[in-house]
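Me: I would like a close look at one part of this model, with the rest of the chain brought in where it helps. Please start from a single side chain and work outwards.

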Amino acid sequence: SQASNLALLVAKMQTNADQVEKDILKSEEMLAVDAENEKKDLPFQHKNEISIKLTEAENLLKDLFLDVDKAKKLKHLQAKEIEKDVIHLHERWLKDCAFYRDIYDQIDDVSLMPRINWGLILNQKQKELNGEEYGPTMVDLEKQIAAHNILHKEIIAYSSQLCVGSAGSKEKYNAFKKQYNNLLDNSKWRRHYLSSLYKYMLGCNHELNFLGEEQEKIKKQDWSDHIVDPPHIRRHYEVRTDVMRNQDLVLISLFFSAVMLFC
């Protein structure tokens with residue numbers, strides 16, 4: 001009885017798998033035709049028919065996965081191979097569904113989604129970027145970094161909303177997408193410039209603190225005839241002078257790098 005049930009189950013699975021493959025092949029042929037129609041701005045011919053084929057394949061795939069589980073329980077010797085074949089069919093079906101959405105859903109989006117005035121929004125954000133300052137104080141720079149982080153996150157969030165439907169047409173979408181990419185690049189560069197300037201000003205502050213500490217030490221140094229070891233004092237300040245000279249060179253290099261970036 002179990003062998004008979006298993007034979008019937010395998011026959012059913014084979015029939016369903018053959019039908020799924022036929023539906024997928026037929027859908028792919030019709031998708032290729034309508035893809036060419038889209039490129040040539042011709043009306044679609046097979047949208048409804050493809051939808052029916054893919055829906056039919058989906059229902060059969062559900063039955064196939066259930067039947068694979070039954071075959072495993074009945075200890076069919078080739079259950080794993082059958083499962084791999086079913087998974088392969090499912091992956092092809094998923095690719096065809098994605099292709100279907102790429103071709104047809106953009107038209108549906110245009111009629112269903114609310115319009116967004118992307119031109120006004122993107123131009124406004126670009127003006128905000130162009131009008132922002134750099135510094136001049138450390139406190140100002142920290143505020144500018146925090147404000148730009150918020151603005152940058154807003155610009156990134158637009159990516160998921162910018163589509164053919166919200167733009168109104170494919171032509172407008174392509175133009176807005178190009179403008180958006182330019183805006184995003186400008187935002188990334190401003191973030192980079194702010195970070196570079198912050199590092200430079202931070203280094204300058206450290207240098208000023210260091211020089212202030214050295215100045216205090218010099219003021220407090222006993223320069224009278226009671227100095228115990230004048231050569232040691234001289235060597236100490238020669239080393240300090242070399243260190244400060246090297247630090248100045250590093251800061252100058254950072255400064256000109258920042259200037260070149262801003263230019």
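Which side chain does a polar contact join to that of Asn-37, and at what distance?

Reply: The side chain of Asn-37 is joined to that of Asp-34 by a polar contact of 3.0 Å. The model is a predicted one, and the values here are computed from it.

Asn-37 sits in helix H1, which spans residues 2-39. Asn-37 counts as buried because its relative accessibility is 8%, and the cut-off for buried is under 20%. Once residues up to four places away in sequence are set aside, Asn-37 has contacts with Leu-42, Pro-43, Phe-44 and Gln-45.

Elsewhere in H1 lies Met-13. Met-13 has a relative accessibility of 4%, so this residue too is classed as buried. Beyond its neighbours within four places in sequence, Met-13 is in contact with Leu-64, Asp-67, Val-68 and Ile-82. For one of these, Val-68, the C-alpha atom is 8.2 Å from that of Met-13, with the two positions 55 residues apart in sequence.

Leu-64 returns the contact: with neighbours within four places left out, its partners are Met-13, Asn-16, Ala-17, Val-20 and Val-86. Met-13 and Leu-64 also meet in the lining of the second largest pocket, alongside Val-10, Gln-14, Ala-17, Asp-18, Glu-21, Ile-82, Asp-85, Val-86 and Leu-89. Two elements each supply two or more residues to that lining, helix H1 and helix H3 (79-112). H1 makes the greatest contribution, six residues. Sorted by class, the lining consists of seven nonpolar residues, three charged ones and one polar one. The volume of this pocket is about 200 Å³.

Leu-64 also belongs to the largest nonpolar core, which has 24 residues; together with Val-20, Ile-50, Leu-61 and Trp-93, Leu-64 touches the most other members. H1, H3 and helix H2 (47-73) are the elements with two or more residues in this core. A separate core of twelve residues lies apart from it, with Trp-118, Leu-122, Leu-151 and Leu-183 among its members.

Lys-125 touches two of the residues named in that second core, Leu-151 and Leu-183. Its other contacts, with residues up to four places away not counted, are Glu-154 and Tyr-158. The side chains of Lys-125 and Glu-154 are joined by a polar contact of 2.9 Å. Lys-125 is part of helix H4, residues 118-131. Although charged by class, Lys-125 counts as buried, because its relative accessibility is 11%.

Two loop residues stand in contrast to these buried positions. Lys-75, in the loop between H2 and H3, has a relative accessibility of 69% and is therefore classed as exposed. Its phi is positive, near 60°, and the residue is not a glycine. Pro-136 occupies the loop between H4 and helix H5 (138-161). Pro-136 is exposed because its relative accessible area is 66%, and exposed means over 50%. The peptide bond leading into Pro-136 from Gly-135 is cis, with omega near 10°. Across 65 residues of chain, the C-alpha atom of Pro-136 is 9.7 Å from that of Met-201.

As for the setting of these parts, the protein contains eight helices and zero strands, and its order along the sequence reads α-α-α-α-α-α-α-α. The chain has 263 residues, of which 31% are buried. Among contacts with a separation of 6 or more, 76% join residues 24 or more positions apart. The pair Met-13 and Leu-64 is one such contact within H1's surroundings.

To return to H1: Asn-37 is a buried residue of this helix, with contacts to Leu-42, Pro-43, Phe-44 and Gln-45. Met-13, another buried residue of H1, has contacts that include Leu-64 and Ile-82. Met-13, Leu-64 and Ile-82 are among the residues that line the second largest pocket.

Conventions: Residues are numbered from 1 along each chain as its sequence is written. This is a predicted model: local features need pLDDT of at least 70, side-chain atom pairs count only at pLDDT 80 or more; totals for chains, interfaces and linings use all residues. Side-chain values use heavy atoms; hydrogens and water are left out. On a 1 Å grid over the protein atoms alone, a cavity is a set of points where a 1.4 Å probe fits but cannot get out, and a pocket is an open set with protein on both sides within 12 Å along at least five of seven lines; lining residues have an atom within 4 Å of a point. Grid points are joined across faces, edges and corners, and a volume is the space filled by probe spheres set on the points. Helices (H or I, at least four residues) and strands (E, at least two) are DSSP runs, numbered from the N terminus. A nonpolar core is a set of buried Ala, Val, Leu, Ile, Met, Phe, Trp, Tyr and Cys residues joined through side-chain atoms within 4.5 Å. Buried means under 20% relative accessible area, exposed over 50%, partly exposed in between (1.4 Å probe, protein chains only). Contact means heavy atoms within 4.5 Å. A polar contact is a pair of N or O atoms within 3.5 Å; within protein, one must be able to donate a hydrogen and the other to accept it, and residues adjacent in sequence count only if both atoms are side-chain atoms.
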